[in-house]
Amino acid sequence: MTKYALVTGGSRGIGRAICLELAAMGYHILVNYQSNADEANKTLELIKAKGVSGEIMKFDVSKQAEVDDVLGKWLETSKESRVLEVLVNNAGIRKDNLLMWMSNNEWNSVMDIAVDGFFNVTRLIVKDMLVKKYGRIINVVSLSGLKGLPGQTNYSASKAAVIGATKALSQEVGRRGVTVNAVAPGFIKTDMTHDLNEKDFKALIPMARFGEPQEVADVVGWLASAKSSYVTGQVISVNGGLYS
Ligand code: NAP
């Protein structure tokens with residue numbers, strides 16, 4: 001039986017590094033993305049270069065009908081020959097603004113992708129995991145959701161919501177061998193942070209540098225493995241020692 005892992009927002013940045021880490025663990029990878037087909041294809045090429053199989057799955061995590069249509073239909077097919085063991089809810093965006101200036105779109109789009117995205121995708125997949133009595137769900141949250149960062153009330157609220165959901169869901173599904181954890185990165189070098197100057201933030205970070213996507217993927221890989229079997233409902237910070 002082929003073992004699958006789905007990574008939302010697998011086309012770039014942290015999601016790509018997670019796809020490659022899970023591929024190295026032998027999973028057939030479902031690379032989800034929203035709009036950037038070139039980057040999604042590049043991730044798939046890198047997976048295949050490791051001698052592992054994968055496929056691209058395009059849907060917007062915030063749109064329930066689209067998730068149901070694409071992922072829901074996929075789950076209905078070839079049920080007998082595959083098992084989806086790992087889900088990484090990684091898709092996310094940042095639209096920073098001071099709350100007093102924040103537009104409806106800046107608030108709603110960030111919330112919808114993080115919170116509705118978690119719900120739309122996880123609800124479909126957790127059923128299968130409960131039946132199989134094994135699963136690993138890992139939610140990529142943020143330092144911002146633990147500490148709160150000015151200019152990010154939307155983003156902080158969305159990540160804090162997913163942290164709450166992580167803790168609640170872990171208690172619903174623990175008895176059936178499904179673990180649910182979150183990873184909270186600090187500043188990681190990706191497209192999302194390319195407007196931030198590492199030099200301006202170095203003094204705040206005990207390790208005096210931004211992190212690499214692989215450093216997040218290494219923690220996700222461990223949580224996705226059988227070795228994390230008695231760890232659930234936790235938020236693991238990967239932030240170079242920033243106080244959170
Ligand atoms: P990134 O480089 O901007 O990549 C974002 C990924 O999310 C892309 O693959 C993008 O797909 C996908 N995506 C965005 N909206 C989507 C949607 N509606 N449906 C499906 N996929 C969607 O960001 P990143 O830095 O790797 O961030 C990954 C995760 O880590 C996010 O949840 C982010 O909040 C979190 N995080 C990042 C940092 C950091 O410092 N970088 C720190 C803390 C937490 P397309 O390529 O199609 O656009």
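Strand β2 is largely enclosed by the rest of the structure, because six of its six residues are buried. The model is predicted. β2 spans residues 28–33 and supplies at least two residues of the lining of the largest pocket. That pocket holds about 1,000 Å³ of space. One cavity of 30 Å³ or more turns up in a search of the whole structure.

**Strand β2 and its partner**

- H28, L30 and N32 point one way from β2.
- I29, V31 and Y33 point the other way, and both sets are buried.
- The burial call rests on a cut-off of under 20% relative accessible area.
- β2 pairs with strand β1, residues 2–7, in the parallel sense.
- Four bridges make up the β1–β2 pairing.
- Across from H28 in β2 stands Y4.

**The largest pocket**

- The lining of the largest pocket counts 45 residues.
- Nearest the centre of the largest pocket lie G92, I93, Y155, T190 and M192.
- Besides β2, three helices each give at least two lining residues: α1 (13–24), α5 (143–147) and α6 (153–173).
- By class, 22 lining residues of the largest pocket are nonpolar, 16 are polar and seven are charged.

**The largest cavity**

- About 90 Å³ of space lies in the largest cavity.
- Its lining has 14 residues, and N89, N90, A91, I113 and A114 are the closest to its centre.
- Two or more lining residues of the largest cavity come from each of α4, β5 (135–140) and α6.
- Helix α4 gives the largest share of this lining, with four residues.
- The lining of the largest cavity divides into eight nonpolar residues, five polar and one charged.

**S156 in helix α6**

- S156 sits in helix α6.
- S156 counts as buried because its relative accessibility is 10%, and the limit for buried is under 20%.
- The side chains of S156 and S144 are joined by a polar contact of 2.7 Å.
- Leaving out residues up to four places away in sequence, S156 touches S144, G145, G148 and L149.
- S144 therefore appears both in the polar contact and among the contacts of S156, each of which has its own distance limit: within 3.5 Å for a polar contact and within 4.5 Å for a contact.

**L99 in the loop before α4**

- L99 is found in the loop between β4 (82–89) and α4 (104–132).
- L99 counts as exposed because its relative accessibility is 55%, and exposed means over 50%.
- L99 touches W107 and T153, with residues up to four places away in sequence not counted.
- The C-alpha atoms of L99 and N154 are separated by 8.1 Å.
- Along the chain, L99 and N154 are 55 residues apart.

**Positive phi outside glycine**

- K133 has a phi near 60°, a positive value in a residue other than glycine.
- The place of K133 is the loop between α4 and β5.
- K133 is exposed, with a relative accessible area of 53%.
- A208 has a phi near 55°, also a positive value in a residue other than glycine.
- A208 lies in the loop between α7 (198–202) and α8 (213–224).
- A208 is partly exposed, because its relative accessible area is 38% and the partly exposed class runs between the 20% and 50% limits.

Definitions and conventions
Residues numbered from 1 in each chain as written. Predicted model: local features only at pLDDT ≥ 70, side-chain atom pairs only at ≥ 80, totals over all residues. Heavy atoms only, no water. Buried < 20%, exposed > 50% of the residue type's maximum accessible area, 1.4 Å probe, protein only. 1 Å grid on protein atoms, 1.4 Å probe; cavity = no way out; pocket = protein on both sides within 12 Å on 5 of 7 lines; lining within 4 Å. Points joined across faces, edges and corners; volume = space filled by probe spheres on them. Nonpolar A, V, L, I, M, F, W, Y, C, P; charged D, E, K, R; others polar. Polar contact = N/O pair within 3.5 Å; in protein donor to acceptor, adjacent residues only side chain to side chain. Pairing = 2+ DSSP bridges.
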